[in-house]
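Colleague: Please take one part of this model and go through it closely, in plain terms. I would like to see how the strands are put together and what packs around them.

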Amino acid sequence: MPEESIIVLDFGSQYSQLIVRRLREAGVYSELLPFHVDYTAVQALRPKGVVLSGGPASVYLPGAPQLPGWVVNSGLPVLGICYGMQAIAHALGGSVVASTEREYGPADITVDHPESPLFAALDLQQRVWMSHGDKLTRLPQGFHPIAHSPHSAYAAMGDEERRWYGLQFHPEVVHTVHGRDLIRNFAYRVSGCVGGWTAEAIAEQAIQRIRDQVGSGRVICGLSGGVDSAVAAALIGKAVGDQLTCIFVDTGLLRLGEAEQVIETFRNHLHIPLVAVNAAEDFLSALEGVADPEAKRKIIGEKFVRIFEREAQALGDVQFLAQGTLYPDVIESTAADRNVAAKIKTHHNVGGLPADMQLRLVEPLRYLFKDEVRAVGLELGLPEEWVWRHPFPGPGLAVRILGPVTHERAETLRRADAIFQDELRRFGLYRDVQQAFAVLLPVQSVGVMGDYRTYADAVALRAVTTEDFMTADWARLPDGLLQGTASRIINEVQGVNRVVYDITSKPPATIEWE
Ligand code: XMP
């Protein structure tokens with residue numbers, strides 16, 4: 001357990017996760033807990049402060065989530081954000097009403113009490129991000145106004161003696177210019193945190209936890225070629241040495257050169273025992289003639305599990321299976337009120353394991369965000385190039401080959417994709433986009449090359465910028481890069497005569513095409 005934390009109570013805002021991330025970026029451990037969490041679960045985290053998130057409800061309506069009694073009695077500093085502020089007001093005798101004007105988007109606030117530690121060393125005029133329909137018309141007892149905006153008399157309020165604060169705007173979103181500073185001030189100046197949530201500390205704690213869980217048992221870890229499973233394996237390797245065996249399955253659906261890179265990094269660089277399984281034929285024959293995306297995912301997920309079971313049996317006496325599950329996956333799958341979301345895709349590495357599986361799970365990244373995983377990866381000596389690789393889905397190229405998957409089509413896509421990656425790197429833009437790849441479309445179109453008519457495949461390029469992969473925007477790549485990539489693909493990849501660029505954001509599209 002961490003020495004200190006700030007816990008975030010989730011009232012259902014789409015930004016709740018972001019608050020946790022901002023606190024961790026500031027060097028303070030934080031977890032997102034449901035607003036009705038039991039106080040004993042909270043105490044185990046040794047909190048020094050509590051943040052109340054925003055949320056979609058109206059606090060004065062029947063059934064709306066309310067400020068838990070233990071928060072009032074805990075004596076801990078509190079920061080209420082948007083709905084969180086309204087919940088404080090409603091509980092402590094203030095007044096919250098439906099506003100005649102919804103305030104959504106940027107607003108300029110004026111700080112009237114700059115001596116408040118929450119606003120210490122910040123500008124008196126600040127651009128913030130508002131998103132609310134209700135507003136405070138009377139402050140709760142003991143509170144005084146700290147800042148106002150043209151539409152909110154109480155853009156910020158505080159009870160300095162009690163160390164309770166409320167912000168009507170969202171400090172966790174990037175559009176609030178001093179948002180990070182406000183969160184940092186709450187953690188350090190208001191709550192008295194000392195910090196220390198660094199990559200080194202994260203790695204140390206994770207290693208200790210793995211040792212406690214695994215003891216003298218044996219672990220297998222499936223490597224995908226992505227950063228998550230690599231960091232999970234590196235941590236387990238540090239923790240229990242050769243009790244770990246990594247299994248790398250070449251599905252025939254990997255990116256160009258990926259199999260060689262995985263084997264080289266793990267065997268020769270990290271010195272972690274690695275079993276490489278060439279199952280390309282197996283996967284491709286199981287996928288023969290299958291065009292439906294969900295059917296592809298199910299076939300591939302099932303094949304992976306069976307291969308891991310077989311390899312575990314061959315190794316003998318294996319008790320644990322390691323997975324690179326991340327904190328956002330855990331939040332999405334455990335928060336009851338978030339679980340109602342319609343299923344869009346089957347991500348086979350989250351919850352897709354058979355119920356009768358004998359192996360116990362080791363998930364060293366279960367409480368980490370992607371940026372923390374990368375920092376830990378660097379800390380453990382994973383090559384920089386590896387740590388910054390774009391995510392690659394478990395089902396691999398199968399979900400980027402629209403329509404049936406064949407060896408030839410996988411080869412075509414692999415080569416087109418490698419050219420796109422290559423050009424991105426040549427332009428120095430690989431790390432400016434969070435994911436970029438090529439997709440092989442199930443259409444052929446007419447072209448002219450030399451003096452000949454062609455009738456060949458079309459490739460789509462997809463590049464996105466995103467903070468959390470839940471929403472994403474298409475990347476505005478330079479013309480020269482797109483043009484160079486298109487012309488290289490058509491010249492160098494046989495069977496492709498057209499390249500298109502995907503300009504849809506997520507939503508309404510998803511990042512992958514299947
Ligand atoms: P979508 O396409 O849902 O993808 O917008 C969001 C992120 O998840 C990745 N993705 C997967 N990752 N197994 C994975 O490990 C999967 O089955 C899977 N499907 C999508 C996708 O590449 C993007 O980063």
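Modeller: In this predicted model, Thr110 stands opposite His148 in β7. That position belongs to the pairing of β5 with strand β7 (residues 144–148), which is antiparallel and runs over two bridges. On to the next pairing: β7 and β8 are also joined in the antiparallel sense, over three bridges. Here His144 stands opposite Gly158 in β8.

These strands belong to an open sheet of nine strands with mixed pairing. Read across, the order is β2-β1-β3-β4-β9-β8-β7-β5-β6. The edges are formed by β2 (30–34) and β6, each of which pairs on one side only. On average, neighbouring strands of the sheet are turned by 25° against each other, with direction ignored.

Elsewhere in the order, the pairing of strand β1 (residues 5–10) with strand β3 (residues 47–52) is parallel and has five bridges. Within it, Ile6 has Gly49 of β3 as its bridge partner.

Two helices can be placed against these strands. Helix α1 (residues 16–25) lies across β1, β2, β3 and β4 (78–81), and its direction is at about 155° to β2. Helix α4 (residues 83–91) lies across β3, β4, β5, β6, β8 (156–159) and β9 (164–167). The angle of α4 to β4 is about 115°.

Aromatic rings come next. A pair of aromatic rings is described by the distance of the centres and the angle of the planes. The model has 11 aromatic pairs. One of them joins Tyr104 and Trp129: the ring centres are 5.8 Å apart and the planes stand at 70°, so the pair counts as edge-to-face, a label that needs an angle over 60 degrees. Tyr104 lies in strand β5 (residues 95–111) and Trp129 in strand β6 (residues 125–138), so this pair ties together parts that are 25 residues apart in sequence. The two residues differ in exposure. Tyr104 has a relative accessible area of 52% and is exposed, because the limit for that word is over 50%. Trp129, at 15%, is buried, because buried means under 20%.

There is also a cluster of rings, in which Phe11, Phe35 and Tyr83 are linked by ring pairs. Tyr83 has a further neighbour to mention, Ser58, which sits in the loop between β3 and α3 (69–74). Ser58 is buried, with a relative accessible area of 17%. Apart from residues within four places in sequence, Ser58 is in contact with Ala64, Tyr83 and Asp134.

Two arginines sit over rings. Arg425 is over the face of Tyr430, 4.0 Å from the ring centre. Arg476 is over the face of Trp474, with 3.8 Å to the ring centre.

Now the nonpolar cores. The largest one has 117 residues, and the members that touch the most others are Leu9, Leu235, Cys246, Phe266, Leu424, Leu477 and Ile489. Helix α7 (residues 227–240) gives the most to this core, namely 10 residues. A second core, separate from it, has 36 residues, including Ile6, Ala147, Phe169 and Val330. Ile6 is thus a name to recognise, as the residue bridged to Gly49 in β3.

Cys246 of the largest core can be followed one step further. Not counting residues up to four places away in sequence, Cys246 touches Cys221, Leu223, Ala233, Phe266, Ile272, Pro273, Leu274 and Val275. Phe266, in that list, is itself named among the core members that touch the most others.

Asp242 provides a contrast in exposure. It is found in the loop between α7 and β11 (244–250). Asp242 counts as exposed at 64% relative accessibility, because that is over 50%. Its C-alpha atom is separated by 15 Å from that of Ala232, and the two residues are 10 apart along the chain.

A last residue is Thr412, which lies in helix α14 (residues 407–426). Thr412 is buried, with a relative accessible area of 14%. Setting aside neighbours within four places in sequence, its contacts are Leu440, Val493, Gln494 and Val496.

Technical notes: Residues are numbered from 1 along each chain as its sequence is written. This is a predicted model: local features need pLDDT of at least 70, side-chain atom pairs count only at pLDDT 80 or more; totals for chains, interfaces and linings use all residues. Side-chain values use heavy atoms; hydrogens and water are left out. A nonpolar core is a set of buried Ala, Val, Leu, Ile, Met, Phe, Trp, Tyr and Cys residues joined through side-chain atoms within 4.5 Å. Buried means under 20% relative accessible area, exposed over 50%, partly exposed in between (1.4 Å probe, protein chains only). Helices (H or I, at least four residues) and strands (E, at least two) are DSSP runs, numbered from the N terminus. Contact means heavy atoms within 4.5 Å. Rings of Phe, Tyr and Trp (its six-membered ring) pair if their centres lie within 6.5 Å; planes under 30 degrees apart count as stacked, over 60 as edge-to-face and the rest as tilted. A charge sits over a ring if NZ of Lys or CZ of Arg is within 6 Å of the ring centre and within 35 degrees of the ring normal. Two strands pair if DSSP finds at least two bridges between them. Axes are lines fitted to C-alpha atoms, for helices over the stretch in contact, and angles run from 0 to 180 degrees between N-to-C directions.
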